[in-house]
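Dear colleague,

Please find below the structure that I am handing over to you, together with its sequence. My findings follow underneath, arranged by topic.

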Amino acid sequence: MADPCSFCSFTGCVTKHLNLLLRVDFDRHVISGRVALTVEALEDRFSALTLDTKDLKIVSVSANGQPARFSLGQKHSFKGTPLDITLPFDLSRGQHVIVEVNYETSPSASALQWLKPEQTAGKKQPYLFSQCQAHHCRSMVPCQDSPSIKHSYYAQVSVPKDLVVVMSAVRDGHEVDPQDSSRLIYRFRQPVPMPSYLIAIVVGALESRYCLNTTVCLCVRQTETMLKTAEDLAGPYVWGQYDILVLPPSFPYGGMENPCLTFATPTLLAGDKSLSNVIAHEISHSWTGNLVTNKTWEHFWLNEGHTVYLERMIGRCMESEQFRQFKAMGGWKDLQDSVNTFGANNPLTNLVPSLQDVNPDDAFSSVPYEKGFALLYHLEELMGGPEVFMGFVKSYIQLFAYSSVTTEEWKNYLFTFFKDKVDVLNKVDWNAWMFTPGMPPPEVDQGKTQTWICFDQDLNGFKESDVKTLSSHQLIEFLSLLLHEDALPLTRVKKMQEVYDLNACMNAEIRFRWLRLCVRSKWEEAVPMALKMATEQGRMKFTRPLFKEVFNFDKFRNEAVKVFLEHRAAMHPVTSGLVGKDLKVDGSNTASQ
């Protein structure tokens, strides 16, 4: 089996450990240093291996201290460049070799975003953060950059003494850099084997605070409860510490499940429960994704579908079954949005898509999350309810812990676990679920996920007091329902603003849906607000649809392109690349006709 998103072969050898010695240079926007890979041969007479790299400058390569021949292959548009290494000796199966690579990253490394002091909250110090998922670690470290390969890692990172380093690992102290007294070296160790995409680094004037505001205070208290609930559901938490780092606004995702160090978007701080929802999701990844991992990105639903399922089971334990159903209903609409965006016949809406010659960034959507959840929820109903099916999920996690799996392996174990219900499982249309584009098969009964709130679509019957009694979840659901209808008449949208004053709402999830609704109804006054939200934060869930809504408003199409070009340099590389495609902007900074 091969990984279509990687040059490395995981049949010949496997990386067991990485030892990183890095120096962060904020003046040149590069990381330089050395990685020592402990590699185990999986076959006899093993003498050559290939590592993934992307825009790296390779200085030298050695094997067990002896110089090794190396060459860089042809550059691929998104996979980067293979680094072919010939060992100065042969290995037998089971033997280990330490391959050392001295290298330097590019200032445009796709895993790294460098922020100037004025782009940070403190305005005094620069900031660096990484985002390696799905295939960007190779722009930061030469490695076998495939989720099929798991390894532990140690790291030593030299930075200016005014700055602090954190990583997806346990902190192991710091000391003055012996080669430069104006710098400190921070040490980290991650003893639990994990895939390369979970290596993460942040450098900045970081502060540890128990509470930033009441939202974070509430979330910190809930985090301990969530972790305990997740352990009851899925088994022991193996990662030692659990920290949450709120990143700068340009961070492209809601959260990132880096072990020991969950990344969170600052857009969550204005919401009452939004932060807790994201943290429940990222905590769940500690089992589904980090402990049991998809073998290639074609099986991404194994990570995300199970994580959404576990996240909603945590919500069920802490809130109610009603709450879980409500969240499932919102997820079903997100899935419909993704299918509509891609097109119902687009193979990227398959639960298990082929990623041959497909950039995994382009395939990212709510499909693996919500179509995956829908399948698990459907199986839960067939197999006997949430308690019964959660027993399978826990058993699956414990069986495949510390390894990477395919959909076929998951399915085989499902049939083994429910061996007394094989006849029921055989009636599931597996081909329709796994390998057919569009929405799931019609056999799925979404009746249980009907909300307990009934919205009157005739807005004349609404008063301000009606909305004030709704939770943020309910208001989000209300706006989502309206977004699934044809564009509202402009007079109706203006009436909603008059009655509800939604322009004043700062909850990012609500504001995002409200502004989309306004622009779609061609309310010109909403366009500057939509573009402001699209650029003052970089979470792709918000930024891409907002830009697209303005772009689809013919009168403001050029304005959308103009604003994007003005802000592109400050965006995360993944975000700017995908928004550029959405707006049909080519590399010469013009909108293609």
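**Findings in the predicted model**

Strand β3 (residues 46-53) and strand β7 (residues 81-91) are joined by 7 bridges and pair in the antiparallel sense. Please bear in mind throughout that the model is a predicted one. Within this pairing, Thr50 has Asp84 of β7 as its bridge partner.

Strand β7 also pairs with strand β6 (residues 69-72), again in the antiparallel sense, through 4 bridges. Two of the partnerships with β7 may be looked up in the viewer: Leu72 is bridged to Leu83, and Ser71 is bridged to Asp84. Asp84 is thus a bridge partner of Thr50 and also of Ser71.

Taken together, the strands form an open sheet of 3 strands in the order β3-β7-β6, with antiparallel pairing. Strands β3 and β6 are the edge strands, since each of them pairs on one side only. From one strand to the next, the twist averages 20°. As a general point for reading such a sheet, side chains in a regular strand alternate between its two faces.

**Helix α14**

Helix α14 covers residues 508-520, which makes 13 residues. From its first C-alpha to its last it reaches 18 Å, close to the 18 Å expected at 1.5 Å a residue.

Is this helix enclosed or open? Of the 13 residues of α14, 12 are buried, so the helix is largely enclosed by the rest of the structure. Among the buried residues are Ile510, Phe512, Trp514 and Leu517, and also Glu509, Arg511, Arg513 and Arg516. In general, an α-helix has 3.6 residues a turn, so residues three or four places apart point the same way.

Both ends of the helix deserve a look. At the start of α14, a side-chain oxygen of Asn507 comes to within 2.9 Å of the backbone nitrogen of Glu509. Just after α14, Lys522 adopts a positive phi of about 65°. The charged end of Lys522 sits over the ring of Phe553, at 5.1 Å from the ring centre. A second arrangement of this kind involves Arg557, whose charged end sits over the ring of Phe551, 4.2 Å from its centre.

**Aromatic pairs**

How many aromatic pairs does a search of the whole structure find? The search finds 33. One of them is formed by Phe364 and Tyr369, which are edge-to-face, with 6.0 Å from centre to centre and 85° between the planes. Phe364 counts as partly exposed because its relative accessibility is 30%, whereas Tyr369 counts as buried at 18%, the cut-off for buried being under 20%.

Another pair consists of Phe392 and Phe418, and this one is tilted: the centres are 5.9 Å apart, and the planes make an angle of 40°. The pair links distant parts of the chain, as its members are 26 residues apart. Phe392 belongs to helix α7 (residues 386-400), while Phe418 lies in the loop between α8 (407-417) and α9 (422-426). Phe392 is buried, with 0% relative accessibility, and Phe418 is buried as well, with a relative accessible area of 3%.

With kind regards

Technical notes: Residues are numbered from 1 along each chain as its sequence is written. This is a predicted model: local features need pLDDT of at least 70, side-chain atom pairs count only at pLDDT 80 or more; totals for chains, interfaces and linings use all residues. Side-chain values use heavy atoms; hydrogens and water are left out. The expected span of a helix is 1.5 Å times one less than its number of residues. Buried means under 20% relative accessible area, exposed over 50%, partly exposed in between (1.4 Å probe, protein chains only). A polar contact is a pair of N or O atoms within 3.5 Å; within protein, one must be able to donate a hydrogen and the other to accept it, and residues adjacent in sequence count only if both atoms are side-chain atoms. Two strands pair if DSSP finds at least two bridges between them. Axes are lines fitted to C-alpha atoms, for helices over the stretch in contact, and angles run from 0 to 180 degrees between N-to-C directions. Rings of Phe, Tyr and Trp (its six-membered ring) pair if their centres lie within 6.5 Å; planes under 30 degrees apart count as stacked, over 60 as edge-to-face and the rest as tilted. A charge sits over a ring if NZ of Lys or CZ of Arg is within 6 Å of the ring centre and within 35 degrees of the ring normal.
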